[in-house]
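Student: Could you take one part of this model and look at it closely with me, step by step? I would also like to see how that part fits with the rest of the chain.

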Amino acid sequence: MFPVIGEVVIRNVVVEESCELTSGADGAILVGYIGSAETTGKLKGSILFENCEVSGKIVSNYIPIGGYTSAYGPVGGLIGFTCRADYVNITIRDCTVNGTIDGQTIVGAAIGNVQSLTSLKFEGKKLLLRC
């Protein structure tokens, strides 16, 4: 059985420029992580980001441990990381990202890293990315 999130709508959210965030792994100005917490689980559902405006700054200070030498810590403006979300549909509609996104290896203006999703759609009249 898959963990179910149902239908999630994130609408008309504004994050102001004065916002400064620091994260380890999986950081974003709006949503850091989308996925199942269980390694055997696969999240199921849909998420709509609509008419969201995020500004500010997100910085990853991820430090590798346990003998790993490469940095990870994906960061993004709207979403940091998706994993174990094989049955999730994400739609980003009419959103604006206007900020500073500072990571070590995996950085994206809208999304830092996508490892699994059913679908990712960008819709609407605008998707403005200024980073």
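**A loop and the sheet beside it**

Tutor: Let us begin with R84, whose place is in the loop between strand 9 and strand 10, the latter covering residues 87-102. Please keep in mind throughout that this is a predicted model. The backbone of R84 deserves a careful look, since its phi is near 55°, a positive value in a residue other than glycine. As a rule, most residues other than glycine have a negative phi. R84 has a relative accessible area of 23%, and because buried means under 20% and exposed means over 50%, R84 counts as partly exposed. A second residue can be set beside it: N12 likewise has a phi near 55°, again positive in a residue other than glycine. N12 is found in the loop between strand 1 (4-11) and strand 2 (14-15), and with a relative accessibility of 48% it too falls in the partly exposed class.

From the loop of R84 we can step back into strand 9, which covers residues 79-83 and is joined to strand 12 by 3 bridges, the two strands running parallel. One place where you can follow this pairing in the structure is T82, which stands opposite V114 of strand 12. Strand 9 also belongs to a wider arrangement, an open sheet of 3 strands in the order 5-9-12, with parallel pairing. The edges of this sheet are formed by strand 5 (31-35) and strand 12 (111-114), each of which pairs on one side only. If direction is ignored, neighbouring strands in the sheet are turned by 10° against each other on average. In general, the strands of a sheet pair through backbone hydrogen bonds, either parallel or antiparallel.

What do the side chains add to this picture? The count of aromatic pairs comes to 1, and that pair is made by Y33 and F81, whose rings are 5.9 Å apart centre to centre, with 45° between their planes, an arrangement described as tilted. Y33 lies in strand 5 and F81 in strand 9, so the pair ties together parts that are 48 residues apart in sequence. The two partners differ in how far they are covered: F81, at 6% relative accessibility, is buried, whereas Y33, with a relative accessible area of 30%, is partly exposed.

On the other side of strand 9 in the strand order, N113 can be found in strand 12. With a relative accessible area of 16%, N113 is buried. If its neighbours within four places in sequence are left aside, N113 is in contact with Y72, P74, G80, F81, T82 and I106, and you will recognise two names here, F81 from the aromatic pair and T82 from the pairing with strand 12. N113 and A25 are 88 residues apart in sequence, yet their C-alpha atoms are 11 Å apart in space.

We can now follow the loop of R84 in the other direction, into strand 10. Strand 6 (residues 44-50) pairs with strand 10 in the parallel sense over 7 bridges, and within this pairing K44 has Y87 as its bridge partner. Strand 7 (residues 53-60) is also joined to strand 10 by 7 bridges, again running parallel, and there S55 stands opposite N98. A further open sheet has 3 strands in the order 4-8-11 with parallel pairing, and its edge strands are strand 4 (27-28) and strand 11 (107-108), each pairing on one side only. Strand 4 pairs with strand 8 (residues 75-76) over 2 bridges in the parallel sense, with G27 opposite V75.

Finally, let us place all this in the whole chain, which has 0 helices and 13 strands. The radius of gyration is 14 Å, close to the 14 Å that the globule rule gives for 131 residues, so the chain is as compact as a globular protein of that length. Taken along the principal axes, the C-alpha atoms fill a box of roughly 45 × 40 × 15 Å. Buried residues make up 40% of the 131 residues. Among contacts between residues at least 6 apart in sequence, 84% join residues at least 24 apart, and the aromatic pair that ties strand 5 to strand 9 spans 48 residues in sequence.

Methods:
Residues are numbered from 1 along each chain as its sequence is written. This is a predicted model: local features need pLDDT of at least 70, side-chain atom pairs count only at pLDDT 80 or more; totals for chains, interfaces and linings use all residues. Side-chain values use heavy atoms; hydrogens and water are left out. Two strands pair if DSSP finds at least two bridges between them. Helices (H or I, at least four residues) and strands (E, at least two) are DSSP runs, numbered from the N terminus. Axes are lines fitted to C-alpha atoms, for helices over the stretch in contact, and angles run from 0 to 180 degrees between N-to-C directions. The radius of gyration is taken over C-alpha atoms; the globule rule is 2.2 Å times the number of residues to the power 0.38. Buried means under 20% relative accessible area, exposed over 50%, partly exposed in between (1.4 Å probe, protein chains only). Contact means heavy atoms within 4.5 Å. Rings of Phe, Tyr and Trp (its six-membered ring) pair if their centres lie within 6.5 Å; planes under 30 degrees apart count as stacked, over 60 as edge-to-face and the rest as tilted.
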